[in-house]
Amino acid sequence: LYDMARDRAAALMQYETCAAVLQEELGVEPSEQTRSLYERILAEQPAGTLDESSRGVHLPAVQTSFVGRQAELFQVGRLIRNPDCRLLSLIGPGGYGKTRLAIEAAKSTAAAFPDGVFFVAFESCLNPDLYISKIANALHFNIDTVASLVDAETQLLDYLWRRRLLLLLDGFETMISIAGHISTILEKASNIKILVTSRQKLDIQAEWTFMLEGLAFNEILAPVPIGRLDSVQLFTARARQVNQDFHPSAADFKDIAEICRYLEGSPLGIELAAAWTAILPLGDIRKGVEDSLDFLRTKNRDVPDKHHSLRAVFDSS
């Protein structure tokens, strides 16, 4: 019906919802007929509402593999596909992987947004007045600040109101004071969906929240073999980046799990600890983690300053 009504975005979103429900409740895939219809709609070019250079998935290139978080990825994807959820906030402490999960979720649901998926980085922005220009720049939309008699926010809203796209607003805790403007975007642009990562809630009426916790580190809470715990798998994957001969034994897995437990499953903490496997045995890493928070730091040049150590994360919070 959505396809017959030429509502391509709603048709694609309906398929994603169908596939998710079938998998969750029955453990099956959509029928061949349903998939064929989806693929035909997906192959069609939507009505020209954006330049070709602006349409598509505009997300940062990732530098490392995505490990674990499959349950969270499914849950966040389901919320993004939910037509009642217009604004979804991923909330959690620094270093818990909010941005990476949001990027993966945006990728997995991109087909539902024919006018594109756009990433807006607010993490290092300390001036709330810049929020309009940052969103406009991410959308490749030029605001007329000279000849136009219309203010910048109205120009942006006029541009957005007929678009079907996903905005990923990353590190929005610095913008909490202007969270009310997000409500205005949702009100004026009824087909826009917004995904936010933040250390605190926006506290506006449209907000749905997903609280992100640390990776599973206890086989009692997550009934899988210790080596398959998300936290242990992340430690192992990052350790092999610096030490290709890293092949933990059963006893080693217990040390890794204890390190992850001490860090409460913090992905950043686990990655910082795993980097030490290039020069230290696991027992020494475990002792270093337990003795001092300052043990966990990195010298990588492309890591943001506030993620250079766990203490830096706490300080920036």
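**Exercise 1. Is Glu104 buried, partly exposed or exposed, and at what relative accessibility?**

Solution. The model is predicted: local features need pLDDT of at least 70, side-chain atom pairs count only at pLDDT 80 or more, and totals for chains, interfaces and linings use all residues. Residues are numbered from 1 along each chain as its sequence is written, and side-chain values use heavy atoms, leaving out hydrogens and water.

- Set the cut-offs: buried is under 20% relative accessible area, exposed is over 50%, and partly exposed is in between (1.4 Å probe, protein chains only).
- Glu104 has 14% relative accessibility, so Glu104 is buried.

**Exercise 2. Find the salt-bridge partner of Glu104 and place the pair in the fold.**

Solution.

- Apply the criterion: a side-chain nitrogen of Lys or Arg within 4 Å of a carboxyl oxygen of Asp or Glu.
- Lys107 meets Glu104 at 3.8 Å, N to O.
- Both residues sit in helix H4, three residues apart, so about one helical turn separates them. Helices here are DSSP runs (H or I, at least four residues), strands likewise (E, at least two), numbered from the N terminus.
- An α-helix has 3.6 residues a turn, so residues three or four places apart point the same way.
- Lys107 is partly exposed at 40%.
- Shared partners join Arg100, Glu104 and Lys107 into one network.

**Exercise 3. Characterise helix H3 by its span, its packing and its salt bridge to H1.**

Solution.

- Expected span is 1.5 Å times one less than the number of residues. For the 12 residues of H3 (70–81) that gives 16 Å, and the end C-alpha atoms are 16 Å apart, so the two agree.
- Buried residues of H3 include Leu73, Val76 and Ile80.
- The buried residues of H3 pack against H1 (8–26), E2 (87–91), H4 (98–108), E5 and E6 (207–211).
- Arg81 pairs with Glu16, the closest N and O atoms being 3.2 Å apart. Arg81 is in H3 and Glu16 in H1, so the bridge ties together parts 65 residues apart in sequence.
- Arg81 is buried at 11%. Glu16 is buried at 11%.

**Exercise 4. Describe the largest nonpolar core.**

Solution.

- Such a core joins buried Ala, Val, Leu, Ile, Met, Phe, Trp, Tyr and Cys residues through side-chain atoms within 4.5 Å.
- The largest has 32 residues; Ile135, Leu167 and Ile194 are among those with the most contacts inside it.
- Elements supplying at least two residues each include E3 (117–121), H5 (131–138) and E4 (166–170). H5 gives the largest share, five residues.
- Beyond its neighbours within four places in sequence, Leu167 is in contact (heavy atoms within 4.5 Å) with residues including Phe118, Ile135 and Leu195.
- A second, separate core of 25 residues includes Met13, Val76, Tyr96 and Ala102.
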